[in-house]
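The exercises below are meant to be worked through with the sequence and the model side by side. Try each task before reading its solution.

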Amino acid sequence: MKTSSETAPAGRVRQAKDWVQVLAKYREPSTRRSILELVATVVPFLLLWTLAWLSMMISYWLTLGIAVLNGLFLVRLFCIQHDCGHGSFFKSRTVQDWVGRCLGVLTLTPYDVWRRTHSIHHAQHGNLDQRGIGDVLTLTVEEYRARGRFGRLMYRLYRNPLVLFVLGPSYLFILQNRLPLGLMTSGWRYWLSAMGTNAVLAIILGLMIWLGGLMPLLLIYLPTSMIAGTIGVWLFYVQHQFEETHWAKGDDWQLHEAALAGSSHYVLPQPLRWLSANIGIHHVHHLYSRIPFYRLPEILRDYAELAEAQRLTPLESLRSVNMHLWDEKLGRLLSFREVRSLYGVA
C-alpha cells in the first residue's frame, strides 16, 4: 500500500489539508444524475423483492438465493442514504433528508440518529482521545496490556470475525438501531427518528406477515438485511482497519491527515464498485465528504497521486482481519500474535 506523501504540481509536498481546496470543485451534485442513481437502485431492489416473493411457489432455495442477491442492492441504498446524510446527494437539504429517512426504513437505520453518529465518526476518526461513537473499537497495545484477563478476553471476542461480521451486523441493524444509543440524552429529535423508523417498520412487517405469513420474513426480509449488514460492516471495517492506517492523540492528531492516511482506497472490480457506490474511494470521501459518490472517480482520473494513495486490494484486505491492536511506537496495527511475540502478552 502507498501512503499519503503526495507531490503537488509545483514540486512541493502537498499536505493533506491542501487537498480540501482542490476537491471543493467536485462538490456540486447533479439532480438529474442523483435521481437516475436512486431509480437505478430502488427499481431493481423492488423487482428482486417481488421476484423472491413469487419464487416461494417454486422453491424456497431459489427465494433465499434471490434475497441474498438483493442484499447487494440494499448495500447500495445504504450508500445513497450515506450521501444524503452528508448533504451531497441533492442540492435541497430537505429533499435529501426525506429521501434518507425513507431509505432508513429499508436499511433498518434511523436516519437522523445515524447522521449524527456518523458525523462524529468523521470529526474524530483516528483520534485516540475520542473513540467509541460511530467506529470499530480499537485498543492500543498499552491499553490491552493494562486490562485484566477478563477484559482481554472480551476484547478478543469482540474482534473475532464471527462476532464482527456475522453476529455483530445482525445485532447492530436489527436490535441496536431500534434505540438512539449514544444520543439518548441529546434531545427528542433522535428519539423521534428512532421511534418513527420503528413504527413504519412495524407496519411493513405486519403487512408482510398478514399477506404471506412468516416465510417472507424468514426467507426474504431477514436474509436480505443480514447479508447487506455483513457487507456494510466489512466495508466500513477495511476502510479504516488496515496495517498502515493512522491513529494519533493530543496535538499530534490532525483532522485532514487522519482522513487521508487513516482511510483506505479499497480497489474493487467494477461491478462491486457500482454496487457499493464508490465507497471504496474512502480516503477522498473523508477528505471532502460533500462530494457525491458518482463524482469520486473523476477525482481519481484527474489526480493520479490520489488514485495511487492508500490502495488496498481485496486480497490485501483479508489480512486486516487479524490486525487488532494499534502500536503507538511502531505506528501500525498488530495482530494478537505479533503483540505476544513483541511484548509477551497472551
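**Exercise 1: The chain as a whole**

The accessible surface of the protein chain is about 16,800 Å², and carbon and sulfur atoms account for 64% of that surface. The model is a predicted one.

Task: Decide whether the radius of gyration of the protein chain agrees or disagrees with that of a compact globule of 346 residues.

Solution. Step one is to take the expected value, which for a compact globule of 346 residues is near 20 Å. Step two is to set beside it the value of the protein chain, 21 Å, which agrees with the expectation. As further description, the C-alpha trace spans about 60 × 50 × 40 Å along its principal axes, and buried residues make up 49% of the 346 residues. The secondary structure comes to 17 helices and 7 strands. Among contacts between residues at least 6 apart in sequence, 69% join residues at least 24 apart.

**Exercise 2: Regions taken from a record**

Task: Find which residues UniProt lists for the domain "Fatty acid desaturase", and describe the chain over them.

Solution. The unreviewed UniProt entry lists residues 61-312 for this domain. Over residues 61-312 the chain is 66% helix and 2% strand, with the end C-alpha atoms 35 Å apart. The annotation "transmembrane region", also from an unreviewed UniProt entry, covers several stretches, including residues 157-176 and 188-211. Over residues 157-176 the chain is 85% helix and 0% strand, and the end C-alpha atoms are 18 Å apart. Over residues 188-211 the chain is 100% helix and 0% strand, and here the end C-alpha atoms are 34 Å apart.

**Exercise 3: A nonpolar patch**

Task: Work out which residues make the nonpolar surface patch of about 770 Å², and which helix gives the most to the patch.

Solution. The patch is made by Y171, I174, L175, L179, L181, M184, W191, M195 and M226. The elements that give two or more residues to the patch are helix 8 (161-175) and helix 9 (188-212). Helix 8 gives the most, with 3 residues. M226, another member of the patch, is found in helix 10, which runs over residues 215-240. M226 has a relative accessible area of 36%, so this residue is classed as partly exposed.

**Exercise 4: Salt bridges and a network**

Task: Starting from D112, follow the salt bridges to R101 and to R115, and state which residues are joined into one network.

Solution. A search of the whole structure finds 14 salt bridges. In the bridge between D112 and R101, the closest N and O atoms are 2.9 Å apart. This pair links distant parts of the chain, with D112 in helix 5 (residues 111-124) and R101 in helix 4 (residues 93-106), 11 residues apart. D112 has a relative accessibility of 7% and therefore counts as buried, whereas R101, at 23%, is partly exposed.

The next step is the second bridge, in which the side chains of D112 and R115 meet at 3.3 Å, N to O. Both residues, D112 and R115, lie in helix 5, 3 residues apart, about one turn of the helix. D112 is buried, and R115 is buried too. Salt bridges that share partners join R93, D97, R101, D112, R115 and R189 into one network.

**Exercise 5: Two residues with positive phi**

Task: State where A277 lies, and whether A277 is buried or exposed; then treat N278 in the same manner.

Solution. A277 has a positive phi of about 55 degrees although it is not a glycine, and N278, also not a glycine, has a positive phi of about 60 degrees. A277 lies in the loop between helix 12 (270-275) and helix 13 (282-287), and N278 is placed in the loop between helix 12 and helix 13 as well. Because the relative accessible area of A277 is 3%, this residue is buried. N278 has a relative accessibility of 13%, and so N278 counts as buried.

**Exercise 6: The surroundings of a serine**

Task: Find what S34 is in contact with, leaving aside its neighbours within four places in sequence.

Solution. S34 lies in helix 2, residues 31-55, and because its relative accessibility is 0%, S34 counts as buried. With those sequence neighbours left aside, S34 is in contact with P29, F89, F90 and Y294.

Note on methods
Residues numbered from 1 in each chain as written. Predicted model: local features only at pLDDT ≥ 70, side-chain atom pairs only at ≥ 80, totals over all residues. Heavy atoms only, no water. Patch = residues over 30% accessible without salt bridge, like charges linked within 9 Å, V, L, I, M, F, W, Y side chains within 5 Å. Areas by Shrake-Rupley, 256 points an atom, 1.4 Å probe, with all protein chains shown as cover. Salt bridge = Lys/Arg side-chain N within 4 Å of Asp/Glu carboxyl O. Helix = DSSP H or I, 4+ residues; strand = E, 2+ residues; numbered from the N terminus. Buried < 20%, exposed > 50% of the residue type's maximum accessible area, 1.4 Å probe, protein only. Rg over C-alpha atoms; globule rule 2.2 N^0.38 Å. Contact = heavy atoms within 4.5 Å. UniProt positions renumbered as here; feature names shortened; annotations may be inferred.
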